[in-house]
Amino acid sequence: MKFNVKTTKPESEKLDALVLGVFEGEKKLSADVAAVDKALGGMIAEVLSGAEFTGKAGSHILLPTMGELGARRLLLLGMGKRASFKLDNLRQAAGRAAQLVRDYKFKTAGAPLADHAGAAFSTRLHGQTLAEGILMALYDYDAYKTEREAAERLVFEAVTFFAPVAETSELKAGLVDGERIAEAVALTRDLVSAPGSDMTPTILANRAKEMADKHGIKCQILDEKAIDKLKMGALLGVARGAMEAQPPRFITLEYMPVKGRKPLVFVGKGITFDSGGISIKPADGMDKMKYDMAGAGAVIGAIKAIASLQLPVNVVALIPATENMPGGHAMHPGDILKTMSGKTIEVINTDAEGRLILADALSFAERYQPEIVLDLATLTGACVIALGNQAIGLMGNDQGLVDQILAAGERTWERAWQLPLWEEYSEQIKSDIADVKNGGGRPAGTITAAAMLAKFTGAYRWAHLDIAGTAWEDKGRAYVPKGATGIGVRLLVDLAREYAKGNKVTAGGTAAQVAKPAAKAAAKPASSGAKVSTNGAKTSAKSAPRKK
Ligand code: BES
Ligand code: MN
Ligand code: ZN
């Protein structure tokens, strides 16, 4: 897709379709629309006086222009109510318009940049959002379609935005940002939608390496021997059922452009197929368990986007990757695994495998002395029951970090909802014979999974994002076609941007962000004194309230 930015009048540009947004119930035309209306001899006002098009969100009407405009057709797009219009409505509208233009088989489209004065967001973010909406909406997973008719092929080639001179450079920069982000989301979707047999741990590792090589990211792939050397007994336990056919991989990706800064570490669950293992899942719906590596896909996409945006922030992505399969060598319910941390886990249910592989990855993360650690995982069916497809389940050991993620979720519309990670929930995962068990029963299944992870976090600020409900789309929405959604990529990019800003402002920029929650923790009587360092190191260690 080619994006053009012009300062000429939209009514004179030669296009297949000129797209104009109309807010619901507004008969008074905005300046842009009025200019086009004038060229058309009042046709838009006439149309809006009828009842067939009222500007409802998602609605549209296509009108011929009879040679009165440069564009052959005029597409009026319903924007919904102005009062409730948010940045994501713009993303949705852009996505909807792009899909209409595609389906009408138009090659070129154009739109005036909506009047930006008084908007709550910058021109650059406006451009990014438009590009995200358009490109994410046009994404199509067609790797396995061999019978595509020529008529089905995408003919949509270019979009022209009309903007005042003062806004063009920012708009262009924003469109490029959006392109880079959408490209990363597309990679994530490709990885996650791929069938399990075509996205094995080895293939996933190769795809990560391929991406890393393109972006100057350092990639290391640890094989089963190296994993064994690290004593990652929980990852190996899960991998046992598939060991001969598809051995596990532990993938590390490092984007470290800034000297002397602690990295943000993103951990992604990489179960390339979750059959449940010996505690096998029911056949119905098992096919969807190819998306059990959506956390891995998200962190790969996120680090790609962050590197291609050249954000001045250090990021590490860690991916424990394995199948979860039954077999003669598979771990048994009742087995006890020894993790990299030395702690033991009683396997109550081999289908609760995500928390096992993440336990070892969270121990490994400590090596980086991270600023923060976030893990993304399609971890529990209970999360789907609790929050459905709308919200990421969010828990963590540091409220300041959790709040940052909640805010990033609101900004990107990859929204999260916090669940309480209270100490009392760990009662449910106490084992009679090991340090912890991997099943806490049905009540609060999302929280007890996180409670087990919390036993393996190091002395760092950590948050867990359960994306079981949000990583897959069954029906298709505005800019999220059916299949893998790519959830997490935009959220992590937004967070990384926040940290990058801190890095640039002052030497102590990010440290100040660390110090805030630590200061809060210090106020609590149980905490280790009121020392708030400015380098973030000691402070972040002490700020972790749930020490084991
Ligand atoms: N990958 C699943 C969780 C899942 C379920 C993701 C549905 C997406 C959609 C996970 O490994 C799992 O099987 N969890 C079990 C845990 C239970 C056995 C304690 C679950 O949620 O049922
Ligand atoms: Mn499972
Ligand atoms: Zn799983």
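1. Which protein donors hold the zinc ion (ligand 3)? In this predicted model, the protein donors of the zinc ion (ligand 3) are Lys269, through its NZ atom, Asp274 and Asp292, each through OD, and Glu353, through OE, and they lie 2.0 to 2.4 Å from the ion. Read along the sequence, these donor residues follow the spacing K-x4-D-x17-D-x60-E.

2. The geometry at the zinc ion (ligand 3) deserves a careful look, because the six donor atoms around this ion subtend angles of 79 to 177°, which makes the arrangement octahedral. The reasoning rests on a cut-off, since six donors count as octahedral if opposite donors are over 155 degrees apart and all others between 65 and 115. For orientation, the ideal angles for six octahedral donors are 90 or 180 degrees.

3. The manganese ion (ligand 2) is coordinated by Asp274 (OD), by Asp351 through both O and OD, and by Glu353 (OE), at 2.0 to 2.2 Å. Along the chain, the donors of the manganese ion (ligand 2) follow the spacing D-x76-D-x1-E. Here the six donor atoms subtend angles of 70 to 169°, and the arrangement is therefore classed as irregular.

4. The two metal sites should be read together, since Asp274 bridges the manganese ion (ligand 2) and the zinc ion (ligand 3), which lie 3.1 Å apart. Glu353 is also named among the donors of the zinc ion (ligand 3) and among those of the manganese ion (ligand 2).

5. Are the donor residues Lys269 and Asp292 buried or exposed? Lys269 counts as buried because its relative accessibility is 2%, and Asp292, with a relative accessible area of 3%, is buried as well. Glu353 is likewise buried, at 1%, whereas Asp351, at 21% relative accessibility, counts as partly exposed; the cut-off that matters for this last case is that buried means under 20% relative accessible area.

6. Turning to the strands, strand 14 (372-377) has six of its six residues buried, so this strand is largely enclosed by the rest of the structure. In a regular strand the side chains alternate between the two faces of the sheet. Both faces of strand 14 are covered, with Ile372, Leu374 and Leu376 buried on one side and Val373, Asp375 and Ala377 buried on the other.

7. Which strands pair with strand 14? Strand 9 and strand 14 run parallel and are joined by five bridges, and within this pairing Phe266 has Leu374 of strand 14 as its bridge partner. Strand 14 and strand 18 (residues 461-466) also run parallel, joined by six bridges, and Leu376 has Leu465 of strand 18 as its bridge partner.

8. A three-stranded open sheet is also present, with its strands in the order 12-13-17 and with mixed pairing. Strand 12 (336-338) and strand 17 (436-437) stand at the edges with a single partner strand each, so one side of each is left without a neighbour in the sheet. Strand 12 and strand 13 (residues 344-346) pair in the antiparallel sense over three bridges, and Ile336 stands opposite Glu346 of strand 13.

9. Two backbone angles are worth checking in the model. Most residues other than glycine have a negative phi. Met66, however, has a positive phi near 50°; this residue lies in the loop between strand 3 (60-64) and strand 4 (71-78), and Met66 counts as exposed because its relative accessibility is 70%. Gln369 has a positive phi near 45° and is placed in the loop between helix 10 (354-365) and strand 14, where, at 58% relative accessibility, Gln369 also counts as exposed.

10. Finally, the overall picture of the protein can be set out. The secondary structure comes to 16 helices and 20 strands, and the C-alpha trace spans about 80 × 60 × 40 Å along its principal axes. A compact globule of 548 residues would have a radius of gyration near 24 Å, and the 25 Å of the protein therefore agrees with that expectation. Of the 548 residues, 56% count as buried, while the protein exposes about 23,000 Å², of which carbon and sulfur atoms supply 54%. Among contacts between residues at least 6 apart in sequence, 77% join residues at least 24 apart.

Methods:
Residues numbered from 1 in each chain as written. Chains lettered and ligands numbered in written order. Heavy atoms only, no water. Donors = N, O, S within 2.8 Å, 3.2 Å for Na, K, Ca; no water. Tetrahedral: all angles 85-135°; square planar, octahedral: opposite > 155°, others 65-115°. Buried < 20%, exposed > 50% of the residue type's maximum accessible area, 1.4 Å probe, protein only. Pairing = 2+ DSSP bridges. Helix = DSSP H or I, 4+ residues; strand = E, 2+ residues; numbered from the N terminus. Rg over C-alpha atoms; globule rule 2.2 N^0.38 Å. Contact = heavy atoms within 4.5 Å. Areas by Shrake-Rupley, 256 points an atom, 1.4 Å probe, with all protein chains shown as cover.
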